[in-house]
Amino acid sequence: MYTTERFYGLSKPVTPINVFASTIIKELKIAIRYRANLIGDFYEVLLIVFSFYIFGSALSFRTLTEVSGSGRASSVFIFFITGIVLVLLLDVALWTPLNSVTNDLYNGTLEYLYSTSFPRYSYYLGTIVAAAIIRLIYLVPIVIGIAFFGELSQEVIFLSLVILASMISLVGVGIIIALSAIMWKETSGIAQILGLLFQFLVGAFIPVQSFPVWLKWIAFLFPQTFAYDLSRYYAFKTKWPTLLPVEIEWMILLLSIPLYFGVSIYLLKKVENYSKKGGLHLI
């Protein structure tokens, strides 16, 4: 049990659930207060979808010839739009904790957060969930559009599960990036490289099936490769030729969740010990 804090003379327990819920409420209030950011995000998503709609009418991939005619829209557009949904949601899991650390550092609250006794993991989870709720406002209609243009039925349920599992698996990675920024200061370059890897090398915009063999083996090192592959498998009504058997791809994706969470919890303990010994005021 975490220590209690006094609030208007009353004793209030500081639990992981309390911190998680309070963080979500705080982040949503900030988002509503600064509506310009919401409007900007909305137009950004519209611009991305429109841009890839244009690309879809101009580009072609060898792999997509096997699934042509599987819906109302072109196969290239369905390929791109599923990648966009995953990219926009996975970016929330990857970068929200780092943005939170940056904001806390700017506001001068970072050391306070690590000098008080409260569940910091719940704090990071709360920021991610709040950002995901906001992003889903734009992305749910897109998923509905995928179901319509791809003429999906029960496949949309499995597609949604792939998206959910992919985002959960990257929550741990996002927290690892944020904690690395606290421990080793300048990690923005590494974070940008990871962002590019999680977009292009894992098949967000180019089918991994089209990669040369040596590059495929590198892509196989990232569980998100199979998240994109599974999303196309269901978006194309199970006609998409997967890299590995579907069951194995699901297993790899799900096993990555406890792996990333375990590493992030370990690193959080190191950051907490670091803050107790040296403080964070020199960051």
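Visitor: Which hand does the crossing of α1 and α5 have?
Guide: The crossing of α1 and α5 is right-handed. Do keep in mind that this is a predicted model.

Visitor: Sure. At what angle do the axes of α1 and α5 cross?
Guide: At roughly 40 degrees, and the axes come within 8 Å. That angle makes α1 oblique to α5.

Visitor: Which residues of α1 and α5 meet there?
Guide: On the α1 side you have Pro 16, Val 19, Phe 20, Thr 23, Ile 24, Lys 26, Glu 27, Leu 28 and Ala 31. Facing them from α5 are Ser 122, Tyr 123, Leu 125, Gly 126, Thr 127, Val 129, Ala 130, Ile 133 and Ile 134. By class, the residues of this contact divide into 12 nonpolar, four polar and two charged.

Visitor: I'd like to zoom in on Thr 23. Is it buried or exposed?
Guide: Thr 23 counts as buried, because its relative accessibility is 5%, and the cut-off for buried is under 20%. Thr 23 sits in helix α1, which covers residues 16-33.

Visitor: What does Thr 23 touch?
Guide: Leaving out residues up to four places away in sequence, Thr 23 touches Tyr 123, Gly 126 and Thr 127. These three are among the α5 residues that meet α1.

Visitor: Let's stay with α5 and turn to its contact with α6. How do those two axes cross?
Guide: The axes of α5 and α6 come within 11 Å and cross at roughly 145 degrees. This crossing is right-handed.

Visitor: And which residues make the contact?
Guide: From α5 there are Tyr 121, Tyr 124, Leu 125, Ile 128, Ala 132, Val 143, Ile 146 and Ala 147. The α6 side includes Val 156, Leu 159, Ile 163, Met 167 and Leu 179.

Visitor: How many charged residues are in the contact of α5 with α6?
Guide: None: the contact has 17 nonpolar and two polar residues, with no charged ones.

Visitor: Some of those must turn up in a core. Which residues have the most contacts inside the largest nonpolar core?
Guide: Tyr 124, Ile 142, Ile 146, Met 167, Leu 179, Tyr 234 and Trp 250, in a core of 78 residues. Tyr 124 and Ile 146 on the α5 side, and Met 167 and Leu 179 on the α6 side, are also in the contact of α5 with α6.

Visitor: Which helices supply this core?
Guide: At least two residues each come from α2, α3, α5, α6, α7, α8, α9 and α10. The largest share, 19 residues, comes from α3.

Visitor: Back to α6 for a moment. What's going on around Ser 166?
Guide: Ser 166 lies in helix α6 and is buried, with a relative accessible area of 0%. Setting aside residues up to four places away in sequence, Ser 166 touches Leu 86, Leu 90, Gln 224, Ala 227 and Leu 253.

Visitor: How about Val 173, buried or exposed?
Guide: Buried, at 10% relative accessibility. Val 173 is in α6 too, within residues 155-184. Not counting residues up to four places away in sequence, Val 173 touches Leu 94, Phe 198 and Tyr 260.

Visitor: How far apart are Val 173 and Trp 95?
Guide: They are 9.3 Å apart in space, C-alpha to C-alpha, and 78 residues apart in sequence.

Visitor: What share of the contacts across the protein join residues at least 24 apart?
Guide: It is 76%, taken among contacts between residues at least 6 apart in sequence.

Visitor: Now for the backbone. What is the phi of Lys 237?
Guide: Lys 237 has a positive phi of about 55 degrees, although it is not a glycine. For background, most residues other than glycine have a negative phi. Lys 237 is in the loop between α9 and α10, and it is partly exposed, with a relative accessible area of 22%.

Visitor: And Thr 238, what is its phi?
Guide: Also a positive value, near 65 degrees. Thr 238 lies in the loop between α9 and α10 and counts as partly exposed at 40% relative accessibility.

Visitor: Last one, the whole fold. How many helices and strands are there?
Guide: There are 10 helices and two strands. From the N terminus on, the order is β-β-α-α-α-α-α-α-α-α-α-α. Of the 283 residues, 49% count as buried.

Terms used. Residues are numbered from 1 along each chain as its sequence is written. This is a predicted model: local features need pLDDT of at least 70, side-chain atom pairs count only at pLDDT 80 or more; totals for chains, interfaces and linings use all residues. Side-chain values use heavy atoms; hydrogens and water are left out. Helices (H or I, at least four residues) and strands (E, at least two) are DSSP runs, numbered from the N terminus. Buried means under 20% relative accessible area, exposed over 50%, partly exposed in between (1.4 Å probe, protein chains only). Contact means heavy atoms within 4.5 Å. Axes are lines fitted to C-alpha atoms, for helices over the stretch in contact, and angles run from 0 to 180 degrees between N-to-C directions. Angles under 35 degrees count as roughly parallel, over 145 as roughly antiparallel, 65 to 115 as roughly perpendicular and the rest as oblique. A crossing is left-handed if the near helix is turned anticlockwise from the far one by less than a right angle, and right-handed if clockwise. Ala, Val, Leu, Ile, Met, Phe, Trp, Tyr, Cys and Pro count as nonpolar, Asp, Glu, Lys and Arg as charged, and the others, Gly among them, as polar. A nonpolar core is a set of buried Ala, Val, Leu, Ile, Met, Phe, Trp, Tyr and Cys residues joined through side-chain atoms within 4.5 Å.
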